[in-house]
Amino acid sequence: MNKLLKTLLSALSALPLAYLATNTYLHFKHPQTKWDWSEIDTEDSEFPDDFLWGTATAAHQVEGNNENSNWAAWEKQKNENGEPRIKTGDVSGKAANQWELYEKDIELMKELGVNSYRFSLAWSKIQPDKDTFNEDALQHYDDVINALLKNGIEPMITLHHFTHPIWFEELGAFENEENIKYFVEFSQRVFARYKDRVKYWCTFNEPNVYITGGYFITEFPPGIYSPVTAGIVFENILKAHVKTYKELKKHEPTVQIGIVQSTFQFEPLRRWHLGDWAIARISSNIFNETTLSFFRTGTMNYLLPFETSRSYTDLEAPNTIDFIGLNYYSHHAYKFDFDFRKATQSIAVEGEEMTDMSYTIYPEGIYRAIEEVSKLGKPIIITENGIADAKDDRRGKFIKQSLYAVSKAIKDGFDIRGYYYWSLIDNFEWAEGYSMKFGLYEVDFETQERKLREGSKEYIEIIKKFNSK
Ligand code: GCO
């Protein structure tokens with residue numbers, strides 16, 4: 001008895017030491033990098049001659065008339081409290097009417113001086129029902145691609161940017177492995193049509209945001225909290241990527257096909273608190289690591305302790321991306337709670353200026369994100385980076401600092417091929433509706449007039465300096 005008590009006591013006395021050791025380890029393994037911007041000359045940047053300078057949009061957010069997609073249906077619904085799904089009560093409606101105004105938008109791109117444009121295809125317009133491919137819609141994207149090329153702008157296509165046809169949603173979308181074939185078929189069809197003119201293809205935009213929005217935060221369709229289903233969907237999307245990649249590459253080995261990964265850093269709110277660390281690390285593993293480890297090692301490990309775990313291996317996966325698309329916006333702080341949903345309510349990191357979204361301006365985070373995705377050993381294209389800034393009093397500085405960080409990464413040897421600012425024009429920001437102003441151009445949604453924002457001129461200046469094309 002005495003002996004047992006002694007062992008117990010000595011185990012207990014080792015606890016603070018173990019706590020300290022774990023904390024110290026985490027602290028140094030995951031530093032919260034801070035740069036002293038007052039010491040940095042953001043003019044001191046350099047970019048390669050063949051750099052892709054771009055802007056990005058997605059079909060549902062800018063085109064208008066997306067009547068046939070899962071998001072169109074979602075926007076019209078109310079949640080369990082009888083409130084509209086979209087916080088502002090907006091529906092995407094006519095959006096910025098890019099469907100009709102794409103030539104005007106290409107003129108804006110010319111004014112910016114960009115040499116590339118990332119946009120997505122509205123699957124729901126191209127394949128409104130399972131057995132119909134709409135020739136007019138296909139022709140529309142032919143026209144867009146041709147107009148871009150005529151103006152010296154390299155198109156980059158995203159095949160799936162959060163939205164898909166209602167018929168696909170009704171079949172269970174990516175919850176059902178059987179349905180992968182529909183996505184692959186759609187991709188083959190459009191690829192066959194545009195591959196002679198389009199060199200850059202992204203299969204999926206942010207599988208991690210898709211599953212977080214749809215099955216954790218429930219602000220995206222189908223809006224059902226289910227970490228288990230999230231894992232299934234994650235796996236199926238990664239499988240769909242691999243299948244699509246293989247099919248498409250068979251027919252045109254020279255095209256560049258990647259997947260787009262959103263990277264946020266998750267910080268413990270209190271760096272001394274192991275509970276905060278646990279939430280931050282678990283979130284980062286689910287959000288950042290699931291996709292990255294799959295393409296690095298062939299194994300995806302998806303784990304939410306006490307709730308669900310999933311592992312899937314396909315050793316060919318690392319050979320199914322030609323580049324990694326990186327979307328970077330900011331970082332979040334998390335505070336421990338036994339309820340994971342509560343614990344992952346985003347807290348803005350203290351001491352930093354806010355964007356209009358619920359996160360801060362943290363441009364050095366793009367460097368951290370680059371370091372992280374570079375472990376794949378593939379070229380990196382920054383497929384999105386931008387700021388919601390309705391007052392336009394932070395955009396200019398944000399652009400300069402972010403591009404400085406990218407340039408520093410290039411100087412430090414990271415293989416970065418391009419940068420796409422999100423977004424060309426104001427648009428429908430998913431759950432936030434039209435309240436968030438990401439555009440380099442402000443859009444008056446009544447008149448559809450576009451107006452260059454002052455802060456955007458910084459982007460024009462930098463491009464002018466380095467874009468030799
Ligand atoms: C996303 C998307 C974009 C967003 C952008 C701003 O990350 O959700 O790719 O569609 O509009 O990131 O939040």
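# A tour of the cavity, the pockets and the ligand

Begin by selecting helix 2 (59-62), helix 4 (98-112), strand 2 (116-120) and helix 6 (135-150), each of which supplies at least two residues to the lining of the largest cavity. Keep in mind throughout that this is a predicted model.

With those elements shown, add Glu63, Gln98, Phe119, Ser120 and Tyr141, which lie nearest the centre of the largest cavity among its 13 lining residues. The space inside the largest cavity is about 70 Å³, and the count of cavities of 30 Å³ or more comes to 1. If you colour the lining of the largest cavity by class, you will find 8 nonpolar, 4 polar and 1 charged residues.

Before leaving helix 2, follow the chain into the loop between helix 2 and helix 3 (70-75), where Asn65 is found. Asn65 is not a glycine, yet its phi is positive, at about 55°. As a rule, most residues other than glycine have a negative phi, and most peptide bonds are trans.

Next, select the ligand together with the residues that surround it, which are Gln61, His161, Phe162, Asn205, Glu206, Asn327, Tyr329, Glu384, Trp422, Glu429, Trp430 and Phe438. By class, this shell has 5 nonpolar, 4 polar and 3 charged residues. Now display distances from the oxygen atoms of the ligand to three side chains in turn:

- Asn205, where a side-chain N or O atom is 2.9 Å from an oxygen atom of the ligand.
- Glu384, where the corresponding distance between a side-chain N or O atom and a ligand oxygen is 2.7 Å.
- Trp430, where a polar side-chain atom lies 2.9 Å from an oxygen atom of the ligand.

On its own the ligand has 320 Å² of accessible area, and the protein covers 93% of that area.

Staying with the ligand, turn on a surface view, for the space that the ligand takes is the largest pocket. That pocket holds about 1,100 Å³ of space, and 38 residues line it, with Val209, Thr212, Ile217, Glu219 and His332 lying nearest its centre. To see where the lining comes from, colour helix 9 (207-215), strand 5 (256-268), helix 11 (274-297), strand 8 (323-334) and helix 12 (340-343), each of which supplies at least two residues to the largest pocket. The lining of the largest pocket divides into 19 nonpolar, 12 polar and 7 charged residues.

Keep strand 5 and helix 11 selected and add helix 13 (364-374), since each of these three also supplies at least two residues to the lining of the second largest pocket. What gives the most to that lining? Helix 11 does, with 7 residues. The second largest pocket contains about 480 Å³ of space, and of the 20 residues that line it, Lys29, His30, Arg281, Glu372 and Lys375 are the closest to its centre. In this second lining the classes are 5 nonpolar, 6 polar and 9 charged residues.

Finally, visit two peptide bonds in the backbone. In the loop between helix 9 and helix 10 (227-251), select Pro222, and inspect the bond that reaches Pro222 from Pro221, which is cis with omega near 5°. Then move to Ser423, in the loop between strand 10 (416-422) and strand 11 (441-444). The bond that joins Trp422 to Ser423 is also a cis peptide bond, with omega about 15°, and Trp422 is one of the residues you have already selected around the ligand.

How values were computed:
Residues are numbered from 1 along each chain as its sequence is written. This is a predicted model: local features need pLDDT of at least 70, side-chain atom pairs count only at pLDDT 80 or more; totals for chains, interfaces and linings use all residues. Side-chain values use heavy atoms; hydrogens and water are left out. A residue is near a molecule or strand if one of its heavy atoms lies within 4 Å of it. A polar contact is a pair of N or O atoms within 3.5 Å; within protein, one must be able to donate a hydrogen and the other to accept it, and residues adjacent in sequence count only if both atoms are side-chain atoms. Accessible areas come from the Shrake-Rupley method with a 1.4 Å probe; for residues, only the protein chains shown count as cover. On a 1 Å grid over the protein atoms alone, a cavity is a set of points where a 1.4 Å probe fits but cannot get out, and a pocket is an open set with protein on both sides within 12 Å along at least five of seven lines; lining residues have an atom within 4 Å of a point. A molecule sits in a cavity or pocket if more than half of its atoms lie within 2 Å of its grid points. Ala, Val, Leu, Ile, Met, Phe, Trp, Tyr, Cys and Pro count as nonpolar, Asp, Glu, Lys and Arg as charged, and the others, Gly among them, as polar. Grid points are joined across faces, edges and corners, and a volume is the space filled by probe spheres set on the points. Helices (H or I, at least four residues) and strands (E, at least two) are DSSP runs, numbered from the N terminus.
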